[in-house]
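Reader: I'd like to go through this one with you, piece by piece. Can you take my questions as they come?

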Amino acid sequence: MTETQTNTTGTERSDLDQSELAHSIIESLLNHTRVVSHLIALMAQALDQYTTKSVTQKPQWQAYLESRRKLERTREDVEKFAKFASP
């Protein structure tokens, strides 16, 4: 393999890694938005304390909390992506 081919392959791999990371970040953000939308629709029905307590015991609430945790982990990915994007 020539030096030019080696450099090109390395650049292509870096672009692929960047692309995969960007995809992962976007996927996490979209998933979080979807989960929050479902939660908001559910909570719109919760008008009193007893209903609110009931809502927080539902699988949608647990999905919301898990999504928030995942979004926090995604922050690290965003920082990595920013390092790729900076000159």
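Reader: Is Arg69 buried, partly exposed or exposed?
Author: This is a predicted model, so take every value here as computed from it. Arg69 has a relative accessible area of 42%. Buried means under 20% and exposed means over 50%. Since its value falls in between, Arg69 is partly exposed.

Reader: Which residue does the side chain of Arg69 meet in a salt bridge?
Author: Look along helix α3, where Arg69 has a partner 3 residues apart, about one turn of the helix. The side chains come to 3.2 Å, N to O. That partner is Glu66.

Reader: And what is the relative accessibility of Glu66?
Author: Glu66 has its place in helix α3. It counts as partly exposed, because its value lies between the 20% and 50% cut-offs. The relative accessibility of Glu66 is 36%.

Reader: Which other side chain meets Glu66 in a salt bridge, at 3.4 Å?
Author: The pair shows up as a polar contact of 3.4 Å between side chains, and it is listed as a salt bridge too, N to O. The partner counts as partly exposed, at 45% relative accessibility. It's Arg73.

Reader: So how many salt bridges does a search of the whole structure find?
Author: You've now met Arg69 with Glu66 and Glu66 with Arg73. Glu66, Arg69 and Arg73 are linked in a network of salt bridges. For the whole structure, the search finds 2.

Reader: How far apart in space are Glu66 and Val35, C-alpha to C-alpha?
Author: In sequence, Glu66 and Val35 are 31 residues apart. In space, C-alpha to C-alpha, the distance is 9.7 Å.

Reader: Let's move to His32. Is it buried or exposed?
Author: His32 lies in helix α1, which covers residues 3-43. Its relative accessible area is 15%. Because that is under the 20% cut-off, His32 is buried.

Reader: With which side chain does the side chain of His32 make a polar contact?
Author: Leaving out residues up to four places away in sequence, His32 touches Tyr64, Ser67, Arg68 and Leu71. One of these is joined to His32 by a side-chain polar contact of 2.7 Å. That one is Ser67.

Reader: Tyr64 is on that list. What kind of aromatic pair do Trp61 and Tyr64 form?
Author: The structure holds 1 aromatic pair. In it, Trp61 and Tyr64 sit 5.4 Å centre to centre, with 40° between the planes. Under 30 degrees would count as stacked and over 60 as edge-to-face, so 40° makes this pair tilted.

Reader: Where do Trp61 and Tyr64 lie?
Author: Trp61 is buried, and so is Tyr64. They are 3 residues apart, about one turn of the helix. The element that holds both is helix α3, residues 59-85.

Reader: Stepping back, how do the elements of the chain run from the N terminus on?
Author: The secondary structure comes to 3 helices and 0 strands. Read from the N terminus, the order is α-α-α.

Reader: What share of the contacts with a separation of 6 or more comes from residues 24 or more positions apart?
Author: His32 and Tyr64 give you one touching pair from two helices, with His32 in α1 and Tyr64 in α3. For the chain, residues 24 or more positions apart account for 65%.

Reader: Last one: what percentage of the residues in the chain is buried?
Author: The chain exposes about 6900 Å², and carbon and sulfur atoms supply 56% of that. Out of the 87 residues, the buried ones make up 17%.

Key. Residues are numbered from 1 along each chain as its sequence is written. This is a predicted model: local features need pLDDT of at least 70, side-chain atom pairs count only at pLDDT 80 or more; totals for chains, interfaces and linings use all residues. Side-chain values use heavy atoms; hydrogens and water are left out. Helices (H or I, at least four residues) and strands (E, at least two) are DSSP runs, numbered from the N terminus. Buried means under 20% relative accessible area, exposed over 50%, partly exposed in between (1.4 Å probe, protein chains only). A polar contact is a pair of N or O atoms within 3.5 Å; within protein, one must be able to donate a hydrogen and the other to accept it, and residues adjacent in sequence count only if both atoms are side-chain atoms. Contact means heavy atoms within 4.5 Å. Rings of Phe, Tyr and Trp (its six-membered ring) pair if their centres lie within 6.5 Å; planes under 30 degrees apart count as stacked, over 60 as edge-to-face and the rest as tilted. Accessible areas come from the Shrake-Rupley method with a 1.4 Å probe; for residues, only the protein chains shown count as cover. A salt bridge is a side-chain nitrogen of Lys or Arg within 4 Å of a carboxyl oxygen of Asp or Glu.
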